[in-house]
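Hi everyone, thanks for making time this morning. I'd like to walk you through one structure, so have a look at the screen and then we'll go through it together.

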Amino acid sequence: MKKKSLGIIFFTVLIDLVGFGLILPLIPIYANNFKAGGFFIAAIFTSYSLMQFLFAPLWGRLSDRIGRRPVLLSSTACACVSYVIFALGSGMENRVVALWVMLASRIFAGICGANITVAQAYIADITPPEQRSAKMGLEGMAFGLGFILGPVLGGLSAKFFGLTGPGWTAASLCAINFIWASVMLAESWQPSAHSQTQRPHLEQWKHVLRMPRLNLLVGIFFLATFCFSSFETSIGLLVQKNFHLAEERGLDSVLGTISWLIAYCGLIGAMVQGGMLRRMVKKMGEPKVIAVSLFLAAAGIAVLPFLTAWATLLLALAVFSTGSSLTRPPVFGMISMLTPAHEQGSTIGVAQGVGSLARIAGPFFAIGIFGKDHLPVPYLCCAALCLATGCITTRYLSLPKSGGSESLGKL
């Protein structure tokens, strides 16, 4: 039953992330096509994350109180509606109205988006503590595969169905996801069988951020996510500039190139999380894997702004994608180990909220502040942040003394 449930969660997250990855790399190109400035492009990106920052902890806490299944289903249904709104906005002739409708779609999606938070709590519910990092890798693998299939489907749907195609394709996938999960997904958490600790929203944040090791993990996740969001927001514009992908070739051709590059990064991430991650965690332990991941990410992102040959670009993207994909599963594996069973959703929700805060800051940092003409600067800053965070991880992060949830000691 546990294997079946993990498989369903994997495909639920996969389909959800396919829809997400289908339109995410296209947003800056779309917005640029509608003559939006860098600030508004960043606003469209960050609106989703701002709503996640506010609402992800609430959804996690709700799943602790009523169960994981109803929250997952509600989130999937709302994602479908948000993509319908995005598709309608993409097809509008009035550029100003189109941009505001696209922004509204991302706000609505962020308010209702709970799938990743609750999926991680679901995995923690049904997995022994010592196996959680590896099982979180399955969720990360679904994330990576979503960014393989999503951009490819986005490029193809834009080519064959026009600018509204990606939105309608994402909405259709979310509808399929909702039907699949409604029929197949069992509940993993019975609140009535466990004692409940329901803190007010701000108190839950304070509780998590006061806990040693747990607050360090949340900080590591923030910095790693900040660097990755800066990369994913600006890589399309960087490649256009460095490789002279002139729009005279056609917007579809530019979109296709960027989509394939994002898919390539997703493939590397999925292979790493589906293959070497389990062996690395078993051999090295979570703290060392996290540190190595940050050092690799630093090396990969530092050279990206200076590459003008496709071979070296692909090599650097492979290094960066390997590092980025190795960070998330062991971080959340350790978070779940350090969290009591009846607070998994609440704690993971706070961590995801912090990640959303990083996704707000990253796009404004990479594009909103530096614009299209100074993109190398945020890449170098992110490399320095990854390097420093890796050193902090090596110095201060350690595994729990016991194999499961524990009362936290000092670093």
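Let's start with phenylalanine 231, which is buried, with a relative accessible area of 2%. Before I go on, please keep in mind that this is a predicted model. Phenylalanine 231 shares helix α10, residues 214-242, with phenylalanine 228. The two are three residues apart, about one turn of the helix. Phenylalanine 228 is partly exposed, at 28% relative accessible area.

How are the rings of phenylalanine 228 and phenylalanine 231 arranged as a pair? They are tilted, with 5.7 Å from centre to centre and 50° between the planes. Phenylalanine 228 also pairs with phenylalanine 320, and here the planes are at 10° with the centres 6.1 Å apart, so this pair is stacked. That second pair links distant parts of the chain, since phenylalanine 228 is in helix α10 and phenylalanine 320 is in helix α14, residues 310-337. The separation along the sequence is 92 residues. Phenylalanine 320 is buried, with a relative accessible area of 1%.

Now, what does phenylalanine 231 touch, leaving aside its neighbours within four places in sequence? The contacts are Cys265, Ile301, Leu304, Leu317, Phe320 and Tyr379. So Phe320 turns up again, as a contact of phenylalanine 231 and as the stacking partner of phenylalanine 228.

That brings me to the core. As a general point, nonpolar side chains in soluble globular proteins tend to be buried together. In this model, the largest nonpolar core has 99 residues. Which of its members touch the most others? Those are Phe231 and Leu304. Helix α10 gives this core its largest share, 14 residues. Apart from it lies another core, of eight residues, including Ile268, Val272, Leu277 and Met280.

Staying with rings for a moment, the whole structure has eight aromatic pairs. Ring pairs also join Phe222, Phe226 and Phe365 into a cluster. And there is a charge over a ring: the charged end of arginine 395 sits over tyrosine 396, 4.9 Å from the centre of that ring.

Next, the cysteines, for those of you thinking about reducing agents. How many disulfides does the whole structure hold? The search finds zero. Take cysteine 174: the closest cysteine sulfur belongs to cysteine 80 and is 6.1 Å away, which is too far for a bond. Cysteine 174 is buried, with a relative accessible area of 0%. Cysteine 382 is in no disulfide either, and the nearest cysteine sulfur, in cysteine 227, is 4.0 Å away. The cut-off for a disulfide is 2.5 Å between the sulfur atoms, so 4.0 Å does not qualify. Cysteine 382 is buried too, with a relative accessible area of 0%.

Let me step back to the whole chain. The protein has 16 helices and zero strands. Of its 411 residues, 59% are buried. The exposed surface comes to about 15900 Å², and carbon and sulfur atoms supply 69% of it. Among contacts between residues at least 6 apart in sequence, 86% join residues at least 24 apart.

A few single residues to finish. Arginine 213 is in the loop between α9, residues 201-210, and α10. Its phi is near 70°, a positive value in a residue other than glycine. Is arginine 213 buried or exposed? Arginine 213 is buried, with a relative accessible area of 5%.

Threonine 389 is in helix α16, residues 376-396. Threonine 389 is buried as well, with a relative accessible area of 3%. Leaving aside neighbours within four places in sequence, threonine 389 is in contact with Ile220, Leu223 and Leu294.

Last one: methionine 102 is found in helix α5, residues 95-112. Methionine 102 is buried, and its relative accessible area is 0%. The C-alpha atoms of methionine 102 and leucine 88 are 8.3 Å apart, while the two residues are 14 apart along the chain.

If you take one residue away with you, let it be phenylalanine 231: it is buried at 2% relative accessible area, and with Leu304 it touches the most other members of the 99-residue core. Thanks for listening!

Terms used. Residues are numbered from 1 along each chain as its sequence is written. This is a predicted model: local features need pLDDT of at least 70, side-chain atom pairs count only at pLDDT 80 or more; totals for chains, interfaces and linings use all residues. Side-chain values use heavy atoms; hydrogens and water are left out. Helices (H or I, at least four residues) and strands (E, at least two) are DSSP runs, numbered from the N terminus. Buried means under 20% relative accessible area, exposed over 50%, partly exposed in between (1.4 Å probe, protein chains only). Contact means heavy atoms within 4.5 Å. Accessible areas come from the Shrake-Rupley method with a 1.4 Å probe; for residues, only the protein chains shown count as cover. Rings of Phe, Tyr and Trp (its six-membered ring) pair if their centres lie within 6.5 Å; planes under 30 degrees apart count as stacked, over 60 as edge-to-face and the rest as tilted. A charge sits over a ring if NZ of Lys or CZ of Arg is within 6 Å of the ring centre and within 35 degrees of the ring normal. A nonpolar core is a set of buried Ala, Val, Leu, Ile, Met, Phe, Trp, Tyr and Cys residues joined through side-chain atoms within 4.5 Å.
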